[in-house]
Each structure stands twice: as C-alpha cells, then as structure tokens.
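Student: I would like to take a close look at a single part of this model, and then see how that part fits into its surroundings. Could you take me through it slowly?

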Amino acid sequence: MHIRYLFILVFLLFGLVACSDKKESVNNYEGTFTSEKGGTLIDAMSGEPSNLISMIAGDSASSAISGNIFNKLIKYDKNLELAPELASQWIISNDQKTITFYLKKNLKWADGHDLTSDDVLFTWKLVTDEKTRTPYGSDYKLVDKAEALDPYTFRVNYKKAYAPALDSWASLQILPKHILKDEDINHTFFSRKPTGSSYYKLTQWINGEKLSLEASPSSVMGEPNINQLTSRFIPDTSSQFLELIADNIDLMNINPIQFARVIPSRPDLKNKLALYKELGNSYTYLGFNLKHSPFNDIRVRQAINYALDKQEVIDGVLLGLGEPIASPYKPGTRWSDQNLHPYSYDKNQALKLLHEAGFNDSNHDGILEKDGKPFSFEILTNQNKQREMTAVLIQRRLKDVGIDVKIRVIEWASFVNQFIKTGDFDAVILGWSLSLDPDQYNIWHSSQQKPGQFNFIGYNNKDVDQLLEAGRTELNPDKREKIYHAFSKILLNDSPVVYLYAGYGLTAMNKRIKGIDSPAPPAGISYNSYEWFIPSTLRRNEITP
Amino acid sequence: MLNYLIKRLLWMIPMLIGISLISFFIMHLAPGDITASESSFNPKASEESRQKLRALYNLDKPLMTQYSLWLKRIVKLDFGNSFASHQRPVLWETKDAKGNITRGMIQDALPVTLMINLIGLLIIFALSIFLGVVSAVNQNRWPDRLITIIVFVGFAIPGFWLALLLMYWTGVSHSWLPISGLHSAGFEKMSHIAQYADLLKHLILPVSISSLGGLASISLYVRNGMLDILQQDFITTARAKGLPENKVIYGHALRNTLLPLITIIGLSIPGLIGGSVIGESIFAISGMGKLFFDAVLMRDFPVVMGILTIGSVLTLFGNLIADIGYAWADPRIRRGISN
C-alpha cells in the first residue's frame, strides 16, 4: 500500500512542471469606483520589524510600520518638499539659529490623552539622552536649548545655524510622555505595544507570523479609507510571489524580471495585478580609493567614467528599470541639477585620457602599462546579486580600454571591517541613499576620513569642503539649491565615484486596491496610502469578527 | 550502572565549558559586531554612537572578560537579551512591573521546529524501516531497485526547488493546500478542531520536504543491516524449524536490525532543535534555523551562544541516552558497562 502511494507521489513530482492554470477569478477590476471606507489590505514583508520606537530600531521593516502609527512635527510631501504634519507651521529666526514650531490644536493620542509640545520636548530629551540606545542622536545634540513655551509652541535653539535640522525634525517620530516617562526606553513593552497618534493603531502582533493595524478613531490625520492593514512576514520573495498570484496578499515589492517579463507575459496575472514603478531612494556607484595610485589622478577616474556604459548596466542588471544620475540627488527634486549630464560612453575619450595619464600598451598584450606596471585593480563588493552583475559588466568594458579588473565578493561584516575601515581596497561597488536633505557632509567632506567614518574613499577637495560647510548653515531652500548645484558640478567633474544607476522601486498590487497615483510622484506611490480604498465588491470574503 | 551514569554526567561539565569556550572564540573570530550590520551603514548614524553601543554591550572589553561575564550569567541559567534593537530575552519570556510580557526568542521558535522535526523523524523512521525491509527481502529484484532509485532521487533533489514546485501546484494551480505560514487568516476565531485541521494542512508540505532527504540514509541502513542478519545462522535455524516467513522477518530479523537504530535516534536528538534555513524561509515558518542564521549574520552573540549551548547540552545528553538505550536493549553491551 505505502509503496503505491510513494510511487504516485514521485510521478506527481515529475509531472509538476506541466501543471495547469487555475480557472480565472470572476472579479472585474476595471470600471470606475468611488472611494469608500473599510476593507483589509494584506502585504508581505521580508523582515520582521524589531522595535516600533523608530529612534532605536533603524531597520526598514520597523520604520514602515511605525510610520503608520506615529507622527512627526513636519514631513516631506509628494514632491519631497517640507510640509506641516503635527506642526501647522514653523518659523526660522533671522539669524537662522532658532526654529519655532506651532502645533495644531486639539491633537490627541490614540488613548485619548492630549498631544502637546511637552511630548515633543520629552521625545527630544529621549533621543539626546546618553542612556538611550540610538544611533541617530548626533543631529539632535546640536540643539543648544529646547523648550516648550506653551502647549502648542516648541522652540529649538542651535549654537550655530544648522540646515539639516529641519530634515531631522521631519524624521523624529513624537512619542507619548504620559506613557513613557517612567519607562526604560531601551527595554520597554512600548516597543512592541505602541500608542501613537497617526492613522493606525497596532491590534495584533504574532511573532514570526504577522502584524495587524487598524484605523485609529482618534487619529490626528483624519480617518484613512482602508480599515485594516495586515503585514505577513514571508522571508522568501518567491513564496511572496506565489502568495500574490494566489490572491492571498495584495501587494509586494517585485524584482525587474517579475516586473518586465513574468507578469506581462501571463494574461491571468496582467488581468489582476497593477504594476507601479517609482524612483528608489538609493543609487549604486563605483568608488575609487583616492589614496591609491593611479586613482589619485583625475584623468584616470574620468577615463574610467567614460569607458563605462551606464545604460548597458541599467539594461543588463535592471532590465532598463533604472535611471542614470549625474549628482547624488533624486532626479525630479530641486537638489538635482537638470543641467548636469552623466559621462557619456566614449571609448576613444577614455583611451585619450589614459594615454595622457601615461598609460600605454607597450608590450601589446592588450593591457595598458605605466612605468612597466600593468593597469590592474580589484573591485570589491558585498553579496548582492545586482552589484555582482554590475561588476562583471564593468570588468568587460574596462577590458576594452586595456584595464584588467578582478572581482571579489565578500560578506558584509567582513567587507566593512577588513576592507572599508582599513582602507585596504582599490575600488568598491556600493550604494548610498539619495538623501532627502541635500547635506552630504559626512560622505564628501575631507574631515570625515577616520576609520568608521563615511568618506572612506578619501575624497579631498577644498572647494567642496567650503560648499558643504556653507550648505550646512543656510536654511533658505533657494540659496541652498545654488550651493548644492555647484557642489554637484565639482563632484561630477572630479569623478571620485562613477554614478552607475538609481534603480526603480517596483511594486505589484492587486487591482482591488484603488486610488493610487500613477505615474508616481518623487515621494513614491505610498505618500497617499491613506487615500487608497478597496471597493466593497472587490473585497476578499473576509471573516467577520 | 549508577556509577557509570554519575561519571558520565560529571564529565559533561568540563565538556560543556570547553565547547562553550571554543564556540565563543570562534564566533568572535568572524569580523564585525552588531553595530556593523548593513542598516547601520547610514551617514546619519555616527561612529561615536556606534562606539557607545559597543560599550553598552561590553563589546569593547577583552574577549576573556566578555566570556567570563557570559559564563557567570549562564550558570544561573540567564541566557541574556538579544543585541538586536528589540532586546528580547534569548530564552524565555520576562514580565515587567506592569505585567507586560515579552516573549523569549527561543521560546517562540522552538515549538514549531520541534513539532516539524518530531513528526518528520517519526515519518522518516517508520517509512525507512518499511522501505528497508522490503528492499532487503526483495534484494536485487525490481522493488529493491525502485526503492533505491526513489530514495536517492529524493535525497538529491534540491529541497527548495521541489518546495516551490509543490507550493505552486498545490497552492496556486489548485487551492488544495496553503502556500506558506502556519495559520490561515482568522485562525483565532476557529473552533479547536478546525484549528488543528488548519495547522495540519499547513504542516503537510514543510514536513514532507524536510523528511524526504532523510529517507535515503536510514532506509539503506535498515536494508543493509537486514541483509546481514538474514544471512546469519539463527535465521536459518528459524526457517529450518518451520517458522512462517513473516515471523522470521518481523519477529527475529527486524528486531535485531533495529538495535543500531537506537544510536541513530540518540544522535538525532540535538538535530531536533535545528531547522533548515532555506525550508523555513520558503515556508515562512519562523523556527530555529532562521533564528540562528539571522543571529549569525547580525553578530547577535547572546542568541548565537544561547542556541549553541542548548545544542551542545542536547548533543551530550543524546549520546548518553543512545548509550543507555543500547545497553537496555542489548545484554552484551550491558555486561560490558557493568564490568
């Protein structure tokens, strides 16, 4: 008997490849719908949030959830400009050293307590407290004096004008004083059982399985359309994709192959899934160790920049789903200068510059030499498929101009500790975020080169130093714009890194979710997720409580 | 016998210290610590705040000091708290002054893993013994060949690939089984019987995949053991005195074949708390494999050490149980120990 079952099982295994398609569901997703309240949206997360107090957490899963629960004083709007959130307005003093925030009236926490400037002051004290386990304290420690003048006014004083201050207040989530005042912020139930003020409140969190949020009736932001958000923790993206196809989850981040090939080629999937792309928040670059010869020669760096075909990398690695960039800022925002253009692919220009720098193929082996030494270097990167593929394309293009490249892929912690911190590398492929605030002092200023600091490539340019210092003390957006455009121009010419691409964030969403802005604004599709809605005719058969 | 037991138990203490010492140092040989995780490569996080974190976790102290601090806690059965930002207890839940409970990480991960592995082990042994006996009795005829081919194919197929195919087939093409996770939506509102049925449905694929790889070794072990025994004189005697073939095989041959399996069962005990990282990721089951793997990647030392300690205790006890079980089942061994 058992043997027979086993035989059947085995034959089924081999027959699997030719499995049949399920019958189509009868939902008609097209047509016009008007927004209505209610319904549940289920998404999938690869990692589980660790701590919903965002100043302590630092992982993206945690901030995705806590962003729905907590508010900040100010926020970035759909065009990534600063806009009111808890504060209805903010005023910068003439000497640019004092910022006064005026809170909206009648703000409430989800438990009914009043939310006042006292809570803001309390949160500031927490984030600057020596005992708090936060990696993000440094911006707030620059505040010389913080005070709650009255329940609706919060004022901060800086010793000297600090432009990224506004960005820091747009990322600090305000915590309730009345609950946390006697708690040890590092070990508190609050990190997994928070009380916030924003659209949703946490109703359920099953470790390793899922987490549910429900619309909060006392939300200071008004009531969102979708009543319940459930996030399932599914580490494997292939499994997520199967759940999406089977209609068990409504949205997930997908990869370029799924976006450009799998879904468009299957009518059943195309019928029920809507695809969205938005510019992501990071870019990938090839960075040189500027302390190593020959990368200290600007002609060599520019030559390599000319020798690389960025569009080829975007097409090959991202299937075209990315953009070349010419500055470390998000295209479409005011900080990114539209007059700057990436280095075009120009092999002859690259060869010319290399010859000028003294490289010639004197022994005709296909590799350039200078002073008898062949031009050969190693590119390091961490275990990231896209970066590995990029490295291979770079290797091939540089071989065309006579540079021999070796590739080495290393686990992240070793990568940082043994190579980045010690400066023991020729070139790296890594990513930086396209920060919302233009200040990039930590990455490019010549003073930031100690082990563990972020100018590990050793970039050193007096003009850039001055611009970065000026940009840090100027709070007027128009004046800042000029400063950072000038900075971007020098950076592009100096070419301490080769900007490779900024990839799109890709989302597949079940068409039952309506009200999504497409094409996505610079802030991405989720900026108005509280306006998304699920028409009742398209909802799942939800089990009613 | 009692002396032997006490001696073995006492021996475990230096063994455990040795194991923990070696694991502790090997773990610290890997470069980096919790502050070097990928999310911390963030220009907003300054080097000085990372140094502060390192000091808070005692990571700036010499290794020997760190080890003795750990040892002092562990003898009180205090496994400490995770270095991750949730700071959950490694082993068991704690309660704060207001009665809020924080569940332990191993406490959450262990039951699932244990359940899958126990069911898996049961299936592996039951099926392997059956297949091994059928193979041996039909040596070199078609049932033997077929079984050998099947168990080796099962052994060789990459589990994650088969898992994805099965998930697609049973979950997407046909809605027979759930795709991933352990519970359906609305599990809390089901009746008890429906809850068990739901859990069982979710377990079918993960358990089948995790058992498939184990069939090959044990069924071959049984087959070869059985072939050995079948050629011995007492089997010939049994047949000669006219016992029915069923009795010869299941009454005499099988019982002797099973003796060495006791050792294998004993050695499987520590494996019960280990899960497969890939299997758990694919089926979205948060068990011990994923917990350990993530902890190693994050350099979350208390969690790594906690799991290694429990693993080594179980290994030592597993060995002991195997030896005792063997002595209990086989008088020849028993006599050896008493002497």
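Student: Leaving aside its neighbours within four places in sequence, which residues is A:Leu242 in contact with?

Tutor: Please keep in mind throughout that this is a predicted model. Once the neighbours within four places in sequence are set aside, the residues in contact with A:Leu242 are B:Met167, B:Tyr168, B:Gly171, B:Val172 and B:Ile179, each of them in chain B. A:Leu242 itself belongs to helix α8 of chain A, which runs over residues 237-245. Because 21 C-beta neighbours lie inside 10 Å of A:Leu242, and 20 or more are needed for a residue to be called buried, A:Leu242 counts as buried.

From this one residue we can step back to the contact between the two chains, in which 55 residues of chain A touch 53 residues of chain B. Helix α8 is one of the elements that give two or more residues to the side of chain A that touches chain B, and the others include α1 (2-15), β10 (228-233) and α16 (441-444) of chain A. The largest share of that side, 6 residues, is supplied by α15(A). Sorted by class, the side of chain A that touches chain B holds 23 nonpolar, 22 polar and 10 charged residues.

Contacts within a chain can be read in a similar spirit, and chain A offers a pair of helices to begin with. Helix α17 (residues 462-472) of chain A and helix α18 (residues 477-494) of chain A have axes that come within 9 Å and cross at roughly 155 degrees. Since angles over 145 degrees count as roughly antiparallel, α17(A) is roughly antiparallel to α18(A). The crossing in which α17(A) passes α18(A) is left-handed. Among the residues that meet there are A:Val464, A:Leu467 and A:Leu468 in α17(A), and A:Ile483, A:Tyr484 and A:Phe487 in α18(A). By class, this contact of α17(A) with α18(A) has 10 nonpolar, 1 polar and 2 charged residues.

Chain B provides another pair, helix α1 (residues 2-29) and helix α3 (residues 63-75), which pack at an angle of about 135 degrees with their axes 11 Å apart. At that angle, α1(B) and α3(B) are therefore oblique to each other, and α1(B) passes α3(B) in a right-handed crossing. On the α1(B) side the contact is made by B:Leu21, B:Phe24, B:Phe25 and B:His28, while α3(B) brings B:Leu63, B:Tyr67 and B:Trp70. By class, the contact of α1(B) with α3(B) has 6 nonpolar residues, 1 polar residue and no charged residues.

Methods: Residues numbered from 1 in each chain as written. Chains lettered and ligands numbered in written order. Predicted model: local features only at pLDDT ≥ 70, side-chain atom pairs only at ≥ 80, totals over all residues. Axes fitted to C-alpha atoms, helices over the stretch in contact; angles between N-to-C directions. Helix = DSSP H or I, 4+ residues; strand = E, 2+ residues; numbered from the N terminus. Parallel < 35°, antiparallel > 145°, perpendicular 65-115°, else oblique. Left-handed = near helix turned anticlockwise from the far one by under 90°. Contact = placed C-beta atoms within 7 Å. Nonpolar A, V, L, I, M, F, W, Y, C, P; charged D, E, K, R; others polar. Buried ≥ 20, exposed ≤ 12 C-beta atoms within 10 Å, placed from the backbone.
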